[in-house]
Amino acid sequence: MANLTIMDHPLIQHKISILRDKRTGNMQFRKLAEEISTLIAYEATRDLALENVEVETPITTATCKKLAGKKLAIVPILRAGLGMVDGLLTLVPAAKVGHIGLYRDHETLEPHEYYCKLPEDIDKRVVFVVDPMLATGGSASAAIQFVKDRGATHIKLLNIIAAPEGIARIQKDHPDVDMFVGVLDEKLNEHGYIIPGLGDAGDRIFGTK
Ligand code: PRP
Ligand code: URA
């Protein structure tokens with residue numbers, strides 16, 4: 001079963017509380033989403049493999065550690081996932097970035113693809129699929145399937161707020177994917193919105209409503 005890590009860091013909880021507040025404007029929302037993403041990414045990169053390297057310091061030779069093996073790719077689910085990218089790039093500035101465009105049909109809640117551009121060598125990278133909201137899990141499940149179809153085998157899903165329904169969907173569809181979630185909310189409402197949630201993440205990031 002997919003490994004689920006729910007963040008318990010006080011800074012993440014504090015920042016998510018401000019993110020939820022309907023009085024928080026677009027500018028502050030964007031900044032907070034970026035900061036929270038950096039903090040979640042810190043946890044999600046904890047198991048990256050290291051290798052020993054010899055480093056000449058001004059004093060002597062030291063055996064140190066550097067990242068080994070696979071390089072990283074960040075894949076935001078458009079639109080709202082874009083709000084997490086810079087937060088991850090703060091920690092891993094050399095990562096490549098792919099984009100998957102999906103929108104959720106308001107009636108059926110099914111995801112529809114409108115764009116997909118991924119790094120050519122995504123099969124050789126650890127892939128971080130990012131989206132602030134995991135509601136039914138349909139969008140994240142489809143995005144993960146896109147990167148799997150391109151050969152990726154080491155995939156992590158990062159969300160700021162998740163509903164139990166979304167967690168269950170990913171655990172069923174992609175039991176090999178590790179999930180890192182800022183906070184686990186109560187449930188979905190009849191329109192597929194997360195309760196208590198924060199409303200429409202894309203609209204709040206881009207100021208479209
Ligand atoms: C939102 C959100 C996720 C999706 C989550 O995107 O950013 O991608 O809904 O819902 P799900 O788990 O039920 O699939 P939306 O479709 O509203 O598109 P947007 O980011 O362009 O606003
Ligand atoms: N997408 C959002 O932006 N918010 C929700 O609560 C559910 C899906």
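1. A residue is called buried when its relative accessible area is under 20%, exposed when that value is over 50%, and partly exposed in between. By this scale D47, at 49% relative accessibility, counts as partly exposed. The model under discussion is predicted, and the points below should be read accordingly.

2. D47 takes part in a salt bridge with K156, in which the closest N and O atoms are 2.8 Å apart. K156 belongs to strand β10 (residues 154-162), whereas D47 sits in the loop between α2 (26-44) and β2 (50-56), so the pair ties together parts that are 109 residues apart in sequence. Unlike D47, which is partly exposed, K156 has a relative accessible area of 1% and is therefore buried.

3. A further salt bridge joins D176 and K148, again with 2.8 Å between the closest N and O atoms. D176 is found in the loop between α5 (164-173) and β11 (178-184), and K148 in helix α4 (residues 138-149), so this pair ties together parts that are 28 residues apart in sequence. Both partners count as partly exposed: D176 has 44% relative accessibility, and K148 has 22%.

4. The side chains of K209 and D203 also meet in a salt bridge, with an N to O distance of 3.9 Å. K209 is exposed, because its relative accessibility of 87% is over 50%. D203 is buried, because its relative accessible area of 12% is under 20%. In addition, K15, K31 and E35 are linked in a network of salt bridges. The structure holds 13 salt bridges.

5. Strand β4 (residues 71-78) is mostly covered, with seven of its eight residues buried. Strand β8 (residues 125-130) runs parallel to β4, and six bridges join the two; K71 has R125 as its bridge partner in β8. Strand β5 (residues 96-97) also pairs with β4 in the parallel sense, over two bridges, and here the partner of I74 is V97.

6. Ligand 1 has 15 residues around it, of which R104, D131, T136, G137 and S139 come nearest. Several polar side-chain atoms lie close to its oxygen atoms. One in S139 is 2.6 Å from an oxygen atom of ligand 1, an N or O atom in the side chain of R104 is 2.7 Å from one, and a polar side-chain atom of R79 is 2.9 Å from one. Taken alone, ligand 1 exposes 500 Å², and the protein buries 90% of that.

7. The surroundings of ligand 2 consist of R104, M133, A135, G192, Y193, I194, G199, D200 and A201. Backbone atoms supply the following contacts. A polar backbone atom of I194 is 2.8 Å from an oxygen atom of ligand 2, and a polar backbone atom of G199 is 2.8 Å from a nitrogen atom of the ligand. A backbone N or O atom of A201 lies 2.8 Å from an oxygen atom of ligand 2. Taken alone, ligand 2 exposes 240 Å², and the protein buries 88% of that. R104 is listed around ligand 2 and also among the residues that come nearest to ligand 1.

8. On the surface, Y103, Y114 and Y115 form a nonpolar patch with about 340 Å² of accessible area together. Y115 has its place in strand β7 (residues 111-117). With 39% relative accessibility, Y115 counts as partly exposed.

How values were computed
Residues numbered from 1 in each chain as written. Chains lettered and ligands numbered in written order. Predicted model: local features only at pLDDT ≥ 70, side-chain atom pairs only at ≥ 80, totals over all residues. Heavy atoms only, no water. Patch = residues over 30% accessible without salt bridge, like charges linked within 9 Å, V, L, I, M, F, W, Y side chains within 5 Å. Areas by Shrake-Rupley, 256 points an atom, 1.4 Å probe, with all protein chains shown as cover. Salt bridge = Lys/Arg side-chain N within 4 Å of Asp/Glu carboxyl O. Helix = DSSP H or I, 4+ residues; strand = E, 2+ residues; numbered from the N terminus. Buried < 20%, exposed > 50% of the residue type's maximum accessible area, 1.4 Å probe, protein only. Near = heavy atom within 4 Å. Polar contact = N/O pair within 3.5 Å; in protein donor to acceptor, adjacent residues only side chain to side chain. Pairing = 2+ DSSP bridges.
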